[in-house]
Amino acid sequence: MEKLQNKIREEGVALSDSVLKVDKFLNHQIDPQLMHEMGKEFASKFEKEGITKIVTLESSGIAPAVMTGLILNVPVIFARKKKSLTLTEGLITSKVYSYTKQETNEVSVSNKFLSKEDNVLIIDDFLANGQAALALIDIVEKIEATVAGVGIVIEKAFQDGGAVLRTKGYRVESLARIQSLSDKKIEFVKEKEQV
Ligand code: 5GP
């Protein structure tokens, strides 16, 4: 998605060879117009799949997921990273190991909001090693609902999450794919090499 690539070029900061900071439009301040464009893009990629729910992870997945839900006209559920005082019963949980933080956390969704009949689109902001997406897939599959695909805003193609998910047979659609952040330079996967 060209608009997103341009935004990443203009406002993204490579903090190291592997971490990209995009807090000017996605991870802290949010650009609603761009989120809307991204929602339209995800919606058009998955419009023929008969999606009934979108599942994302708080907090940075919520904005693109809500825009997609608005266009596909389906509810959006965000998995929580912290246990809520008001949400204690019927929680479906999964563990996420974060390589960047070197810690394991549980994420959870209430079983009230998903059922076997659901056909779920998973959306997240970044795909690195795939742990967050795999945890969301695990939650959906524990409920015996179907995973229709995974929509990612920024895939770091030099990390193995994309290959892990695609090898397992999941459809992964990324709006921007980054080839490298070496020397803190942001290089995108060339159009022809896009998956
Ligand atoms: P994974 O689970 O695929 O290894 O990592 C994905 C999760 O880690 C995303 O939900 C995102 O919050 C975070 N993440 C991974 N890499 C980056 C990065 O380069 N920049 C930012 N801002 N978040 C990242």
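What covers the buried residues of H3? Here are my notes, with that one picked up in point 4.

1. First, a caveat and the overall picture. This is a predicted model, so read everything below in that light. The protein chain folds into five helices and 10 strands. Its radius of gyration is 16 Å, close to the 16 Å that the globule rule gives for 195 residues, so the chain is as compact as a globular protein of that length. Along the principal axes, the C-alpha atoms fill a box of roughly 45 × 35 × 35 Å.

2. Next, packing and surface. Of the 195 residues, 48% are buried. Looking at contacts with a separation of 6 or more, 62% are between residues 24 or more positions apart. The accessible surface is about 10200 Å², and carbon and sulfur atoms account for 47% of that. As for charge, there are 27 positive and 28 negative side chains, with the centres of the two sets 2 Å apart.

3. Now the inside. The largest nonpolar core has 30 residues, and the ones touching the most other members are Leu 4, Ile 8, Leu 20, Ile 154 and Ile 186. At least two core residues come from each of helix H1 (2–11), helix H2 (32–46), helix H3 (62–72), strand E7 (119–127), strand E8 (146–156) and strand E9 (172–180). H2 gives the most, with five residues. A separate core of 27 residues lies apart from this one, and its members include Ala 79, Val 109, Leu 136 and Val 172. If you want one residue to click on in the largest core, try Ile 8: beyond residues up to four places away in sequence, Ile 8 touches Leu 20, Phe 25, Ile 154, Ala 176, Ile 186 and Phe 188.

4. Back to H3 and the opening question. The buried residues in this helix are Ala 63, Pro 64, Ala 65, Met 67, Thr 68 and Gly 69. Their cover includes H2, strand E3 (53–57), strand E4 (76–79), E7 and E8. After H3 comes Asn 73, which has a positive phi, near 60°.

5. Just ahead of H3 there is a peptide bond to look at. Glu 58 and Ser 59 are joined by a cis peptide bond, with omega about -5°. Ser 59 sits in the loop between E3 and H3.

6. Is Ser 94 buried or exposed? This serine is in strand E5 (residues 91–98), and it is buried, with a relative accessible area of 7%. Setting aside neighbours within four places in sequence, Ser 94 makes contact with Asn 105, Glu 106, Val 107, Ala 135, Asp 138, Ile 139 and Lys 142. Ser 44 is 50 residues away along the chain, and the C-alpha atoms of the two serines are 29 Å apart.

7. Last, the loop between E9 and strand E10 (187–188), which holds Asp 183 as well as Lys 184. Asp 183 is not a glycine, yet its phi is positive at about 55°. Lys 184, also not a glycine, has a positive phi of about 60°. Which way do their side chains fall, buried or exposed? Asp 183 is exposed, at 69% relative accessible area, and Lys 184 is exposed too, at 53%.

Notes:
Residues are numbered from 1 along each chain as its sequence is written. This is a predicted model: local features need pLDDT of at least 70, side-chain atom pairs count only at pLDDT 80 or more; totals for chains, interfaces and linings use all residues. Side-chain values use heavy atoms; hydrogens and water are left out. Helices (H or I, at least four residues) and strands (E, at least two) are DSSP runs, numbered from the N terminus. The radius of gyration is taken over C-alpha atoms; the globule rule is 2.2 Å times the number of residues to the power 0.38. Buried means under 20% relative accessible area, exposed over 50%, partly exposed in between (1.4 Å probe, protein chains only). Contact means heavy atoms within 4.5 Å. Accessible areas come from the Shrake-Rupley method with a 1.4 Å probe; for residues, only the protein chains shown count as cover. Lys and Arg count as positive and Asp and Glu as negative; His and the chain ends are not counted. The place of a charge is taken as NZ of Lys, CZ of Arg, CG of Asp or CD of Glu. A nonpolar core is a set of buried Ala, Val, Leu, Ile, Met, Phe, Trp, Tyr and Cys residues joined through side-chain atoms within 4.5 Å.
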